[in-house]
Amino acid sequence: MPLKTSLCRLASTSRRNILATALLYTASLTVRSTSAVGRDAGPAVLSAGTKDDASFVTTSDGVQIFYKDWGPKSAQPIVFHHGWPLSADDWDPQMLFFLGKGFRVIAHDRRGHGRSSQVSGGHDMDHYAADVAALVEHLDLRNAVHIGHSTGGGEATRYVARHGRDRVAKLVLIGAVPPLMLKTEANPGGLPLEEFDGLRQRLAANRSQFYFEFASGPFYNYNRPGAAPSQAVIWNWWRQAMTGSSKAHYDGIKAFSETDFSEDLKSIAAPTLVLHGSDDQIVPVADSAELAARLLKHSTLKIYDLLPHGLCTTHPEIVNADLLRFVTT
C-alpha cells in the first residue's frame, strides 16, 4: 500500500546526521507536559484565560485547549483544524495570509497536541469536536469558515455536523480523512488495519525517529525522485509533533483511521470545498476526497496534480488562492 511502501524507502537515512541535528533542536525545544483529570466530555467551557501570555479554554472535562486568535474581532472568522500529530503552528502560512486579507483567524492545538493538556483520555473524534464547540462558544464565533487538514478535516466535519450548523458559513476539507480510511467490507478501497498497526508500532518503538522519517518522506513527498527536501520544513514538523503527547498521538491513529464520517458528511448543508493532492501518500485521494464530495450536499472538488499530503506547506500560494476565492464568493 502507498503509506507502507513510502516509509520503507526511508531506510537509507543517515542515523548519525539525524541524531546530531536532533540534539540541536532538542536543546531549544520546551516540551510542555500538563496533566488534567478527564471526566465525561462536553462542549461547555469552565473557564478561559491566559497562561504565560497564551490563550486557553478549559472544557467541562478539565482539558486546557490552547488557541490563537488573531485579527479584528468584528471580521469574519476562519477556524483552522490541524492534522495529526501537529499543532496550530502548521497553519502559519494560511493564518498570516488571511490575516493580511482582513479576516479574523483562529487555530487551536487539539487535546494532547502542542500546548494543550496532555490528558490520558478523550482522544477520539467526539471529544475533538466537543473541544472545538467549547472554543467556538467561548469566542462566540458566528458565520465562520472552518478549514480542516487531514485528521483536522475529520474533526471539522464532525464539529460542523454535530455542533456548528447555526454558526458555520462554509467548510473546507484539505487532504482530509473522511469518509473512512480503514478498509472494511463497505469500504474496500481503504487501507488495511495492518498499515495503522505499523504506525503505532513505529511510534511506540522510537517516536522521534519515526516522526523524522515521516516528515522526511511521504508527508511532503520528499521521497519522490527529484524532490528537494527542505530541512526547515522537516524539522518544523518534527518540532510540532514532539511537543505533543505520545499517548494522544498513539490513540489518535485509531481516531483518524477508524472513524466513519459518512453520516456526518450527508448531514452537512454548508457549501464545502474539497481539496486534495493526486499524489497524497498518506490519505489516498480515491478513497477520501472523491467519496466525500459525493456524500456532501453542496460540494466543490478540486484535485491538484501530483501535489503531496502536506500541500498547505509546500504549495501555499496555490492553496491560499483557492481558499480565498471560495471564502469570498
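**Group meeting: a walk through the predicted model**

Let me begin with S150, which is buried, with a relative accessible area of 6%, where buried means under 20% relative accessible area, exposed over 50% and partly exposed in between, using a 1.4 Å probe and protein chains only. S150 sits in the loop between β6 (144-149) and α5 (151-162), and its phi is near 60°, a positive value in a residue other than glycine. N221, in the loop between α7 (207-216) and α8 (231-243), also has a phi near 60°, and N221 is buried with a relative accessible area of 6%.

I should say what we are looking at: this is a predicted model, in which local features need pLDDT of at least 70 and side-chain atom pairs count only at pLDDT 80 or more, while totals for chains, interfaces and linings use all residues. Residues are numbered from 1 along each chain as its sequence is written, and side-chain values use heavy atoms, with hydrogens and water left out.

As for the whole protein, there are 13 helices and nine strands, which are DSSP runs numbered from the N terminus, helices being H or I of at least four residues and strands E of at least two. Of its 329 residues, 57% count as buried.

Two loops hold cis peptide bonds. One joins W84 and P85, with omega about -5°, and P85 lies in the loop between β4 (77-81) and α3; the other joins P178 and P179, with omega about 5°, and P179 lies in the loop between β7 (168-174) and α6.

That brings us to helix α6, residues 193-205, whose 13 residues should span 18 Å at 1.5 Å a residue, and whose end C-alpha atoms are indeed 18 Å apart; the expected span is 1.5 Å times one less than the number of residues. The buried residues of α6 are E195, F196, G198, L199, R200 and L203.

Finally, how do α3 and α13 pack? Helix α3 (residues 92-100) and helix α13 (residues 316-328) meet at an angle of about 50°, with their axes 10 Å apart, and they are therefore oblique to each other, a word for angles that are not under 35 degrees, over 145 or from 65 to 115. The contact, meaning heavy atoms within 4.5 Å, is made by P93, Q94, F97 and F98 of α3 with P316, N320, L323, L324 and V327 of α13.

Methods. Axes are lines fitted to C-alpha atoms, for helices over the stretch in contact, and angles run from 0 to 180 degrees between N-to-C directions.
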